[in-house]
Amino acid sequence: MPINEQIRDKEVRVIDENGVQLGIMSIKEALRIAEEKKLDLVKIAPHANPPVCKIMDYGKYKFELAKKEKEAKKNQKVINVKEVRLTTTIEDHDFNVKVKNAIRFLQDGDKVKVSIRFRGREILHPEIGEEIINKFIEMVKDYGVVEKKPKLDGKNITAIIAPKQQ
């Protein structure tokens with residue numbers, strides 16, 4: 001935001017520190033008023049006609065913005081995407097271990113990306129991979145919902161499962 005002498009407009013609409021409109025005036029007069037109050041003139045709406053400037057303590061304003069930003073960052077939850085890789089020839093025990101891991105990830109609030117990579121001639125039978133992924137989705141359906149349905153991309157089939165909302 002341009003402040004004080006950085007503002008290059010001839011006329012501006014001025015709002016004082018209490019939010020009261022002082023009207024349209026020349027930039028010199030607005031700067032003089034701000035200087036008398038020992039505050040800064042800050043351009044808050046540059047695309048308005050004429051541009052809107054507010055008289056405020058710019059340092060305090062920046063501090064408040066940073067504080068709000070920090071507070072917002074503190075309250076947001078980071079969602080990670082964990083990947084579970086399967087094969088078309090996976091055994092039952094290995095499959096069950098992968099399901100347990102995916103359930104644990106979903107309970108921790110992470111998304112799970114399930115992928116099957118076809119090697120060699122396995123790509124000739126993509127229905128086997130889809131069957132395995134659908135079985136996997138069926139086993140974790142109590143803990144998560146399918147966000148992205150299984151889709152064949154080149155030599156991979158991938159699906160994304162998001163945790164259920166409580």
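Me: Before we look at this predicted model, what does it take for two strands to pair?

Reply: Two strands count as paired if DSSP finds at least two bridges between them. In this predicted model, β3 and β4 clear that bar, pairing in the antiparallel sense over five bridges. So the number asked for is at least two bridges.

Me: OK, then which residue in β4 is the bridge partner of D40?

Reply: Start with the layout: β3 covers 40-45 and β4 covers 52-56. The two strands form a hairpin, with six residues between them, and they run in the antiparallel sense. Across that pairing, the bridge partner of D40 is M56.

Me: In which sense do β1 and β4 pair?

Reply: β1 spans 11-15, and R13 stands opposite V52 in β4. The pairing of β1 with β4 runs over three bridges. Its sense is parallel.

Me: How many of the five residues of β4 are buried?

Reply: β4 has β1 as a parallel partner and β3 as an antiparallel one. The buried residues of α1 pack against β4 too, along with β1, β2 and β3. The strand is mostly covered, and its buried count is four.

Me: Where do the buried residues of α1 sit around the helix axis?

Reply: The buried set in α1 is I27, A30, L31, I33 and A34. Seen down the axis, they fall within an arc of 160°, so what they line is one face of the helix.

Me: And which residues are exposed on the other side of α1?

Reply: The buried residues of α1 pack against β1, β2, β3 and β4. The other side of the helix carries residues that are exposed, meaning over 50% relative accessible area. Those are K28, E35 and E36.

Me: What about K38: is it buried or exposed?

Reply: K38 comes just after α1 and takes a positive phi of about 55°, in a residue other than glycine. It lies in the loop between α1 and β3. The cut-off for exposed is over 50%, and K38 has a relative accessible area of 74%, so it is exposed.

Me: Which peptide bond is cis?

Reply: Look at P50, in the loop between β3 and β4. Omega is near -10° for the bond leading into P50. The cis bond is the one from N49 to P50.

Me: Last one: how far apart are the end C-alpha atoms of residues 79-164?

Reply: UniProt, in an unreviewed entry, places "domain: Translation initiation factor 3 C-terminal" at residues 79-164. That span is 36% helix and 36% strand. Its end C-alpha atoms lie apart by 13 Å.

Technical notes. Residues are numbered from 1 along each chain as its sequence is written. This is a predicted model: local features need pLDDT of at least 70, side-chain atom pairs count only at pLDDT 80 or more; totals for chains, interfaces and linings use all residues. Side-chain values use heavy atoms; hydrogens and water are left out. Buried means under 20% relative accessible area, exposed over 50%, partly exposed in between (1.4 Å probe, protein chains only). The arc is that of the directions from the helix axis to the C-beta atoms. Contact means heavy atoms within 4.5 Å. UniProt positions are given in the numbering used here, feature names are shortened, and annotations may be inferred rather than shown by experiment.
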